[in-house]
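Got your viewer open? Load the model below and follow along, one selection at a time.

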Amino acid sequence: MPPAAAEGPSAPQGPVAAPPLTTPETATPEELERAAVTISVADLEERVADTRDSWETDSMYEDILETLEQESGDTPGSCTPEEASRLRRELREYGPVVFAQRTLDSGRYTARKLLTAFNLKAPAFLDDCPDEDFHPLLTVAITRELAKRAKLTRYNTVNDAVHLLQRSSNVIVLTGAGISTSLGIPDFRSKGTGLYSKLEHLGLNDPQEVFDIHTFKDDPTIFYSVAKDIIPSTDRYTPTHKFIAMLHERGKLLTNYSQNIDNLEIVAGVPKDRLIQCHGSFGGATCVECGYKTAGEDIFPDIRAGVIPKCPRCIQRLRPAAPKRKRSSEGPNGRRRRRKNGHNDDDDDDDDDPAYDIPQAGVMKPDITFFGEDLPDEFSKRLTEHDREKVDLVVVIGTSLKVTPVSEIVGWLPSHIPQLYISRQAVTHINFDIDLLGDCDVVVEELCRRLGWELKHEMVAPGRVTVKTEEGYKSRHVFTKETSE
Ligand SMILES: [Zn+2]
């Protein structure tokens with residue numbers, strides 16, 4: 001049900017007021033820009049509505065609004081953090097219609113300022129526009145806010161978090177690249193980080209193409225030119241991995257949903273049946289031609305040597321057939337007959353290569369999930385059929401939760417289940433109950449200390465962890481540790 005908060009001048013059907021569009025021949029650039037904004041706002045509205053019903057919608061609307069995101073209080077004239085949080089509470093309490101009456105209609109707030117209560121800033125191109133022009137965007141902000149899970153107001157302090165960990169026995173832990181970066185493992189999926197800058201010279205439109213299944217099938221050399229930088233190069237794991245394993249040892253871990261592909265959860269002691277590797281892992285590899293599977297380590301030597309790993313079964317099958325092609329000079333004919341052993345009975349059918357050149361064995365692909373590939377089946381199965389009924393605490397660590405569908409797990413679980421967030425920076429697109437900010441290894445160290453759990457790990461340096469509550473946010477705490485180096 002769309003809110004009726006911001007009724008535009010000529011609202012036809014949806015809550016977004018779509019002013020009549022000027023035809024391109026007569027429109028000024030400014031008008032075109034505004035028309036485009038109106039269209040994209042209408043598009044966003046639709047997506048917001050879709051997202052409420054559909055579990056597998058992508059988060060594109062988040063991406064668009066991301067450009068307008070800011071923290072409350074960041075710019076002059078915006079709501080303070082306390083004010084913003086009060087306004088958001090009022091919206092839920094009174095509903096959008098009464099909320100709009102109490103704020104806009106009463107003249108207490110302009111739409112421009114109200115936007116900042118939802119962590120959005122006014123777009124620059126609306127700078128000189130009347131306040132009504134902010135209504136469509138405000139409607140999107142309100143719709144988006146109402147689609148979010150509401151923060152549980154009774155959980156705020158670090159000790160509340162500690163108490164929740166103590167009393168819970170079915171914890172879902174959602175992890176991302178941030179829990180492995182202290183080992184020097186790159187956060188390779190996100191833009192602007194180390195690995196992608198190495199990719200610029202490959203001439204791809206979007207660095208994410210490296211992990212696109214179609215690109216891989218066209219030209220595996222692109223992926224394998226960077227693969228040696230992302231294969232697990234260590235058996236070390238972080239204090240945060242250890243913390244998750246400790247939850248398991250204490251009978252508290254329901255499931256660890258990991259977006260990481262380094263397989264270090266297993267090394268740290270999280271059992272396979274408590275771990276869902278949402279994006280697959282380097283633990284296995286599969287031939288793209290024949291589906292032959294091997295252990296992941298089997299292809300590591302090739303990857304490290306900069307060689308594209310080929311399927312051993314395909315090679316076996318091609319070997320006897322090779323001399324039939326016009327490359328017989330390379331084929332050891334005598335050995336062919338001796339080795340003939342039934343492997344080649346249907347080889348000729350496989351030979352559909354029009355180039356008629358060197359026989360091609362299939363390329364081995366690590367079992368990490370590429371863009372364009374389905375996520376592992378066990379992901380949604382476990383969540384819907386096993387975890388949703390049992391979970392009593394959600395702990396999100398080291399991920400900004402921007403990649404679907406993992407990002408949608410938290411919104412999909414029952415909203416009364418408390419949710420903790422451990423990461424360097426707070427996020428605005430999800431309302432967590434308590435934000436524990438800082439280096440996640442430092443945060444878990446302090447949590448363990450308060451829990452009385454002994455965190456034995458060589459990366460835990462001597463020294464004290466300092467915790468400061470961020471001004472204006474009673475549930476946001478910043479953890480730092482001074483090391484004497
Ligand atoms: Zn094969």
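Here is a short walk through one strand, its neighbours and the sheet around them.

This is a predicted model, where local features need pLDDT of at least 70, side-chain atom pairs count only at pLDDT 80 or more, and totals for chains, interfaces and linings use all residues. Residues are numbered from 1 along each chain as its sequence is written.

Start by selecting residues 419–423, which are strand β8 (strands are DSSP E runs of at least two residues, helices H or I runs of at least four, numbered from the N terminus). 5 of the 5 residues are buried, so β8 is largely enclosed by the rest of the structure. Buried means 20 or more other C-beta atoms within 10 Å of a residue's own, with C-beta atoms placed from the backbone. Show the side chains: Q419, Y421 and S423 point one way, L420 and I422 the other.

Next, add residues 393–397, strand β7, which runs parallel to β8 and is joined to it by 4 bridges (two strands pair if DSSP finds at least two bridges between them). Look for V394 with its bridge partner Q419, and V395 opposite L420.

Now select residues 434–437 for β9, also parallel to β8 and joined to it by 4 bridges. Here S423 stands opposite L437.

Zoom out to the open sheet: 8 strands in the order β3-β2-β1-β7-β8-β9-β11-β10, with mixed pairing. The edge strands are β3 (275–277) and β10 (465–469), each pairing on one side only.

Last, select helix α6, residues 158–167, which packs on the sheet and touches β7, β8, β9, β10 and β11 (contact means C-beta atoms, placed from the backbone, within 7 Å).

Key:
Buried ≥ 20, exposed ≤ 12 C-beta atoms within 10 Å, placed from the backbone. Contact = placed C-beta atoms within 7 Å. Axes fitted to C-alpha atoms, helices over the stretch in contact; angles between N-to-C directions.
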